[in-house]
Amino acid sequence: MNSVKPEPQPVPSRRRGIRLSLSERIFQVLNITFFVLLAVSTVVPFLNLIAKSLSSEAAVVSGMVGILPVDIQFGTYRYVLTQSSFLGSLRVSVTVTVLGTLLALAMTTLAAYPLSKKRLRGRKFFILMYIFTMLFSGGLIPTYLLMQNLHLIDKLPVLFLPGMISVYNMLIIKNYFEGLPDSLEESAKLDGASNLSILWKITLPLSLPVLATIALFYAVAFWNDYFASLIYINSPEKKPLQLYLKELFVTSSDTFLKSGNWADNAMNSSPQAIQAASIILATVPILLVYPFLQKYFVKGVLIGSVKE
């Protein structure tokens, strides 16, 4: 008689999840608390600006405004949007940001593409020369003299031409290009494609994540640039928005009282509210760009910055 072997009993499954030790739980709580406080410290000043820009003059002057507006009114925004100086500075900033971003992205890509090819003669030397410029610069006075000799002082191109290539951004794009399969370029060359055709039709379409990320870097840099306009721009009609905000904080009270309809505006607005509304309006345009590029942001930085 054949003996029947007993079926193996199922081993009781262990409880899923990892039990943290006391020190790990304490670290986790402290870590979460730190980042929550960091987020709050970043958001609260912005909420305070919004509240001030929407609050009445009496509430702002008396210090009653926190993160919520008091006696909501929109006269401050109407006042700011009717100022020709604000609209002119906004137009300058948009022009510089759009032209600067497009040209800088094109120049950076054209510099990164040949440096990503190992067959390029003197490749290491050129890369070292680029990195050298990250460590040492010509200095403020020689740079100003150069812009003066190029007849760029008090002209809009001076706000974006000196920043056409960021070596940091160029290295990110170069590393991304190096990660693309060589077989794509080889097959294209067999079909008779030139280097520019390969770059335009194959490399760039496959590099949208890193290009979108670098475009965002350039756009934010050009939009927030304050120092270049302070040094090189003299004409009031050519001053970008950041320089306008600086002068607004210095002379907001005088400008506000000297305006033609200051009595009507003073009923609902104060210099602090005008400053807050101007900052919000100056932040919104560049803030609207983030949702369109967010899906590319993390992927582009990680792939372009890490090279095996």
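**Figure 1. Lys239 and its salt bridge to Glu247 in the predicted model.** Lys239 is buried, at 15% relative accessibility. Its partner in a salt bridge is Glu247. The closest N and O atoms of this pair are 2.6 Å apart. Glu247 is partly exposed, and its relative accessible area is 29%. The close-up thus pairs a buried Lys239 with a partly exposed Glu247. The structure holds 6 salt bridges.

**Figure 2. Lys117 meets Glu185 in a salt bridge.** The two side chains come to 2.7 Å, N to O. Lys117 sits in the loop between helix 4 (84-115) and helix 5 (123-135). Glu185 belongs to helix 8 (residues 182-190). The pair links distant parts of the chain, 68 residues apart. Lys117 has a relative accessible area of 14%, under the 20% limit, so this residue counts as buried. Glu185 is buried too, with a value of 9%.

**Figure 3. Arg119 also forms a salt bridge with Glu185.** Here the closest N and O atoms are 2.9 Å apart. Arg119 lies in the loop between helix 4 and helix 5, while Glu185 lies in helix 8, so this bridge ties together parts that are 66 residues apart in sequence. Glu185 thus has salt bridges to both Lys117 and Arg119. A network of salt bridges links Lys117, Arg119, Glu185 and Lys189.

**Figure 4. The largest nonpolar core has 35 residues.** Val158, Ile173, Phe177, Val210 and Ile214 touch the most other members. Elements giving two or more residues are helix 4, helix 7 (167-178), helix 9 (195-206), helix 10 (208-224) and helix 11 (227-232). Helix 4 supplies the largest share, 8 residues. In soluble globular proteins, nonpolar side chains tend to be buried together.

**Figure 5. Contacts of Ile173.** Ile173 is one of the core residues that touch the most other members. Residues up to four places away in sequence are not counted here. Beyond them, Ile173 touches Thr108, Thr109 and Ala112. Ile173 also touches Val210, Leu211 and Ile214. Of these partners, Val210 and Ile214 are themselves among the core residues with the most contacts to other members.

**Figure 6. Another nonpolar core lies apart from the largest one.** This core has 17 residues. Among them are Val80, Phe86, Leu241 and Leu245.

Terms used
Residues are numbered from 1 along each chain as its sequence is written. This is a predicted model: local features need pLDDT of at least 70, side-chain atom pairs count only at pLDDT 80 or more; totals for chains, interfaces and linings use all residues. Side-chain values use heavy atoms; hydrogens and water are left out. A salt bridge is a side-chain nitrogen of Lys or Arg within 4 Å of a carboxyl oxygen of Asp or Glu. Helices (H or I, at least four residues) and strands (E, at least two) are DSSP runs, numbered from the N terminus. Buried means under 20% relative accessible area, exposed over 50%, partly exposed in between (1.4 Å probe, protein chains only). A nonpolar core is a set of buried Ala, Val, Leu, Ile, Met, Phe, Trp, Tyr and Cys residues joined through side-chain atoms within 4.5 Å. Contact means heavy atoms within 4.5 Å.
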